[in-house]
Structures are given as structure tokens and as C-alpha cells.
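Hi,

Here is the model I promised to pass on to you. Have a look at it first, and then read my notes below.

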Amino acid sequence: MRMNAIEARHLAKQFKIMAAARRHDTLRDQLADSLKSWLRRPDASRAGHETFWALKDISFEIKEGETVGIIGRNGAGKSTLLKILSRITEPTSGQATIRGRVGSLLEVGTGFHPELSGRENLYLSGAILGMSRAEMERKFDAIVAFAEIEQFIDTPVKHYSSGMYVRLAFAVAAHLDPDILLIDEVLSVGDLAFQTKCIEHTKRLQASNSTVLFVSHNMFSIKSMCRRVIYLSGGLVRYDGPSEDGIALYEEENRLETLPWAVNQVGADLDQLALRITATEIMDEQGRPCHVFDHGQRMRIRLSFEARGEVKDANFGVSVFRSDNVACCHFNTAMDQFPVPDLSGTGSIEVLTPPLKLVAELYVVNVIVRNTTRGDLLTAQVGPSFHVRHEQLNTHFGVFHEAAEWSWGD
Amino acid sequence: MSTPVTLAAPTAESSKPIVLIGPRRGLLDLDLWAVWQYRELLYFLAWRETKVRYKQTMLGVAWAIFQPLLTVMIFAAIFGSFAKIPSDGLPYPVFAFAALLPWIYFSEATVRSSTSLVSDANLLRKVYFPRLIIPLAAVIAPIVDFALAFVVLFGMMRWYRVAPTWNVLFLPLFLVLALATALAVGLWLSALNVKYRDVRHTVPFVMQVWMYASPIVYPVSLVPEQWRLLFALNPMTGVIEGFRWGLLGKQSPDFALIGASAVVVVGLLFGGLVFFRRMERIFADVV
């Protein structure tokens, strides 16, 4: 019988948030503030803090050797959960039992010092991550080879390119050989070749019966690595079970979330936007809902939108991304010279793509609306995902495939 | 279940460490054992402190010598030559240097450990390890500078023909007392500093006052009789008197008083540990 690697029972975590005006950065502020509120009402000093439950009541069990994806929107409590499990912060109540050595990849490069050489930093961060010196000496060559920085190992890391830095940092973490590995979004770093390497490494860990807990926004990597997902929402477990269903539920509930890269530009709160997409439907040419397309099939995408006030000069766009984040194609109204009138209230717009001659893979449709003349972003939201089917064509063939014409030479 | 080839023999299974995570209860749960388990990290952090300190400086490690040397020259000029402060019959530079070395160590250790948690905030937020390691490494690292300057002190003693006594063997004890004092203060202040950054501004000032409250530029004999007892309770008085006793053959310090101040230090250290452990829970959340 397999033992439980992780058992979480009613974990809860409360944070005190201090309103900006009431921040007590210095003792004097704190004293003055407590005195003031104490004079007003006796128990106000306690009420001065706003509290916020990042986790309300989380219980689950994870067996040894399982790989579990943790999904949920920003602020659902995913990172807090990992922080508790890696003992960085304590739960307010509840308990967790962990069997085995925990390696966490909450952030690569923790403890790196820019002035120290690659070699020195390896030993340092190894020690920080809980590797003994003997262990580090044994694995040193493997780590350096994994990071592909043999020539620069004695150069201070401040002279490294960011790619080299990340590779070195991840290499240490990857060689921890933990019984339980906690990963938070770390695979989004580095170039594609390195990402693949990381995924392979994690798969090796899985094969050697390590337990992996994997937090990500990328449903594709979750799908490819985990058979089970735990979907957190508002500090509670919303769903715990097979990945397919969990991801479907998550996508159903969060499909129109702002794209991570756009959060800085338009903010995460969709209600604040002048124009937002309220639904994105993908269908076949005849308008029937569809999520699996044959290679060369056309796709109909309907975008429903809601404009607050009048929105002029909008340029609707849809982008298709492959699961490894390769941008495959993009269509927008401005490029296709489709006139868009001033918008107000609700409405919908449809696009029929040319035959999609993409290779067999998983894709996602992202919706991006810009102002045509100024180019600034009105909204950028995650849309639904779809599969393309083909017996032969896969990512080794490239991005798309179309028959070419051949002939014999004279 | 198929048996994995790689590891997981039954013995390996049962030897996996089990960690219980939950809100901590009890004041005296100091968990010093964890610090011992992480002793290699302690070594590496102390090593990093030393290694990084003089990187990209032209004089490098020589700074560890120049700084105390220049200070003692200034002291010798102002307090020795101009103010003519007595030095119990010893050459003033040697008299001051023997006290300045443990003092510089103590003040470095205190200042660095007080700010240590905040300057390593990144580690606190990202990785687990016993937090005590951080201020501990900060009080250990300056020992290297101390040792380097100590060589210079011996050179100076030869120059002034002052021979050390066998009591020099007791010096490590006094160094430990200085370390314990710095750690005790550092534990309190570093934990406070996480929440209240006032500490950063207060510490340099406190250290300056503390320096003049310790017999560095003047001998204890200059202190009025009725204040001696209170004066001796300052642990650094004991440390400095101990150094002068061991190195310069001055009359032995009052060990009863040193014992008394050691008791104070131990109390402060223990309180600091408890306080630190209590505050530890919120470090990662507020730092």
C-alpha cells in the first residue's frame, strides 16, 4: 500500500492587511495609532487591521509518487498553500503532515549573490536548499553540465546573461532529488529547449516515485504532467480529482481571465475595462460548438462583448497559441480591413478562419482588442482551447503544414 | 503497485523524515536541534558574508586591518596625547588596541545581526531553514576580521615590547562572551527590525553610546568608585578587561562581576531566543 506523502487537514491562513493609511512602518506610528484608537473605542486597536483569509479550509491527501497540479486564479491561495507546505510560513490553524524531504522551487536563484562565482553560488544555494556539502560535491559536475555553463563556472554570476543565471539556478534545484517536489510556475523561465529539459527532469523524478506538487496557470503543462488536479477557489478546495474534468471546470469558470502579460497594462479586474469580452465560443464552419478540429478545418469564433460608454476605433483580434507557447496565427479586423463602428452596450462579432493547417496539438485562442490608431490595449483575455487532429503531423513538423508541389527535373 | 527500481527499499521508506506543520504552541519550543542539522548552511552563510564583504575593493581584506589601525591612531592622538588619559602604565596605543579589537568585533556583530533578517528578506520569503541561522551567521562572520586584526595587535605588542601572559589562553572565553552578547542583542533587534525599521536607525547610535560606556579609550580606574558595580554589569567591560588582562598582563578583572554580567547575557540570550521564535512565525509574511 502506498503511504501518504502529504496530508493536509483543515489548513487555514489568515493575513493581516494594513490599509495604506494605517501602515505602521515605524514604532512611533504604531504607538500613536494605537493610542488614538484606544482613546476612541476600547477595542479599536484590534479592529485596526483588516484580516483576510488566504486559505479557509483546505484538506487533501496526496499519495507517494503522485503528481498533482494546483490550479486556481490569482489570489485563490495556491502560493500560500505551497508556502505552508514548504514551511516558509505557518498556518493559522489546521495541520499538515509531510513524509519525506521537501524540495521547493518557489523561486529559482534564491540566495544567489551577484559577486560570487557560479561555483561559489552553487555551494551556497545548495546549502540553502538543504543539500549537504558532500552531496553537492558528488553532484557538482552533473549540475554544471545540466546548466550548460562549464566555461563560466568561475565567473561572478553578475556577468551572466539572464538565461545562464536561470539555468544555473534551476540546475541546483533540479538536482535536489527530493521525495516531494513543490514547483511554482518555475517552468515558465528560460528558453523552450531548457523548459523541455525541466519537464523531462520532472518526469524523471515522477518515474523515481517522487511526489510532485505543481502550481501553474498553464493548463497545458498541468495536463501533460498531472493526472490529478486540485482546483482552489477563494481559499477552499473547489475540485479535487482527474485533471481533465478539473481543468474543464476551471476553464469554464475562468475562461475569460485577463492574460497574465496584460495584467500590468489593463489590470486584472475585468469589470473596470471600457470593453470586455463576455464570451468566446469556438465552432465549426456550420456554427456547431466544437473543440476538436481536423487538420485543415475552418473555425468560426464568436466574441460577445460589453462596452461601458462608447468605444471608438476598436480592433478585434484573435491569436492562436500552441501549448508550448508558440504563437501560430493571428487575425484582426484592422488587418482584414473589416470596418468596426463605434461600440456601446453589448454585441457580438464573428470571424471565420481560413482552413487551419496546424499540426496536431493543443491550442488556445486568446482575444486581444486594441485601439486601432493608438494601438493601446483595451482588453486581452484567455479564450477556450481546442485540439487539432492529424495522424502524422506533430510539432516535429513545425507549426503548420500545407501540401507543396513537386516535379521531376529535366 | 509495481516496485520502483531506483530507491524505496523498505528501510529507506521508514527512514523518510516526517514533518508536522501546524501553528506553533508553547513558548519554549526553541528547536535548537534544527539549527544543528543546518550547520553547513550556517558555515556557508558566514563564509558568504566574509567573501562578499571585500569584493570589488582595491585593498580587499586589508580593510580589516586598516580600519582598527586608523581608529587606534586617532584615539592615541586625541585621548592619549592631547587629553592625556591614563592607560594604567601601558603604552596608550597598545592599551587602546587591545580593547578596540573585541569592541569592533562586538559592534560589527551586533549591527550586522540586527539588520540580518531584513537584508536576507529574499531568503525568508522563499526557502525554509531555521531562521536562527541568519543572525547567528552574522555574529560569526566578523570573527575573521577580528582574527586578522589580532595579528596586527601582536605586531604592535612586539614593537612596544609588551609580552603576553599565559592568561592569553582565556581569550576565547571572552570572545565567546562578546559573541553571546552580540547574539542576544541581535536576536531581539533583528526580530524587531522585521516589523519596525526604526531599529536600523537606532542601532548605530546605541553602539556609539555603548562604546563610551565601555572602558576602551579610558581605564576602569578612571570610573568613580560608586559606579563601578553598575559599570561592571556591562558585559563588554568584562570582555575588554579580560583582553587587557590576558594580553597585557594587567591586573585580573573581577570574575564575580564578569560572572554576574554573563548571567545577564544568558538571560538576555534566552529571552531573545524565545522572542525570536515567537516573531519567526510572521517573518515571511511581513518582511
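Among contacts in chain A between residues at least 6 apart in sequence, the share that joins residues at least 24 apart is 73%. Keep in mind that this is a predicted model. Chain A has 410 residues, and 37% of them count as buried. Its secondary structure comes to 10 helices and 17 strands.

On domains: the assignment for chain A gives domain 1 as 4-24 + 47-252 and domain 2 as 256-396. Taken over C-alpha atoms, the centres of domain 1 and domain 2 of chain A are 31 Å apart. Seven residues from domain 1 of chain A and eight residues from domain 2 of chain A make up the contact. On the domain 1 side, the residues that touch domain 2 of chain A split into three nonpolar, two polar and two charged.

Now the sheet I would look at first. Five strands of chain A form an open sheet with mixed pairing, in the order β11-β17-β16-β13-β14. Its edge strands are β11 (292-294) and β14 (327-332) of chain A, each of which pairs on one side only. On average, and with direction ignored, neighbouring strands of this sheet are turned by 30° against each other. At one edge, β11(A) runs parallel to β17 (residues 377-389) of chain A, and three bridges join the two. If you want a spot to click on there, V292(A) stands opposite H387(A) in β17(A).

Another pairing in chain A is between β12 (residues 300-311) and β15(A), which is antiparallel and runs over nine bridges. Within it, S304(A) has S348(A) of β15(A) as its bridge partner. Is β15(A) buried or in the open? Of the 10 residues of β15 (residues 343-352) of chain A, the number buried is one, so the strand lies largely in the open.

Then there is helix α5 (residues 133-147) of chain A, which bends by about 55° at K139(A). Its buried residues are M136(A), I143(A), F146(A) and A147(A). Those buried residues of α5(A) pack against α4 (118-128) and α6 (162-174) of chain A. Right after α5(A) comes E148(A), with a positive phi near 55°.

That brings me to backbone angles. Most residues other than glycine have a negative phi, so a couple more places deserve a glance. H10(A) is not a glycine, yet its phi is positive, near 50°. H10(A) sits in strand β1 (residues 4-17) of chain A. Because 14 other C-beta atoms lie within 10 Å, H10(A) counts as partly exposed. R87(A), also not a glycine, has a positive phi of about 70°. You will find R87(A) in the loop between α3 (78-85) and β4 of chain A. R87(A) has 17 C-beta neighbours inside 10 Å, so it too is partly exposed.

One more loop residue in chain A: S216(A) lies between β7 (211-215) and α8 (219-225). Why does S216(A) count as buried? It has 20 other C-beta atoms within 10 Å, and 20 or more is what the cut-off asks for. S216(A) and G246(A) are 30 residues apart along the chain, and their C-alpha atoms are separated by 13 Å.

Last, the two chains together. Contacts between them involve 35 residues of chain B and 41 residues of chain A. On the chain B side, the elements that give two or more residues are β1 (18-21), α3 (39-53), α6 (121-126) and α13 (255-286) of chain B. Which of them gives the most? That is α3(B), with six residues. By class, the side of chain B that touches chain A holds 19 nonpolar, four polar and 12 charged residues.

Strand pairing crosses between the chains as well: β4 (residues 93-99) of chain A and β1(B) run antiparallel and are joined by four bridges. To find the place, go to T97(A), which stands opposite L20(B) in β1(B).

Over to you, and shout if anything is unclear.

Cheers

Technical notes. Residues are numbered from 1 along each chain as its sequence is written. Chains are lettered from A and ligands numbered from 1 in the order in which they are written. This is a predicted model: local features need pLDDT of at least 70, side-chain atom pairs count only at pLDDT 80 or more; totals for chains, interfaces and linings use all residues. Two strands pair if DSSP finds at least two bridges between them. Axes are lines fitted to C-alpha atoms, for helices over the stretch in contact, and angles run from 0 to 180 degrees between N-to-C directions. A residue is buried if 20 or more other C-beta atoms lie within 10 Å of its own, exposed if 12 or fewer, and partly exposed in between; C-beta atoms are placed from the backbone. Two residues are in contact if their C-beta atoms, placed from the backbone, lie within 7 Å. Ala, Val, Leu, Ile, Met, Phe, Trp, Tyr, Cys and Pro count as nonpolar, Asp, Glu, Lys and Arg as charged, and the others, Gly among them, as polar. Domain bounds come from an automatic or database domain assignment. The bend at a residue is the angle between axes fitted to the seven residues ending there and the seven starting there.
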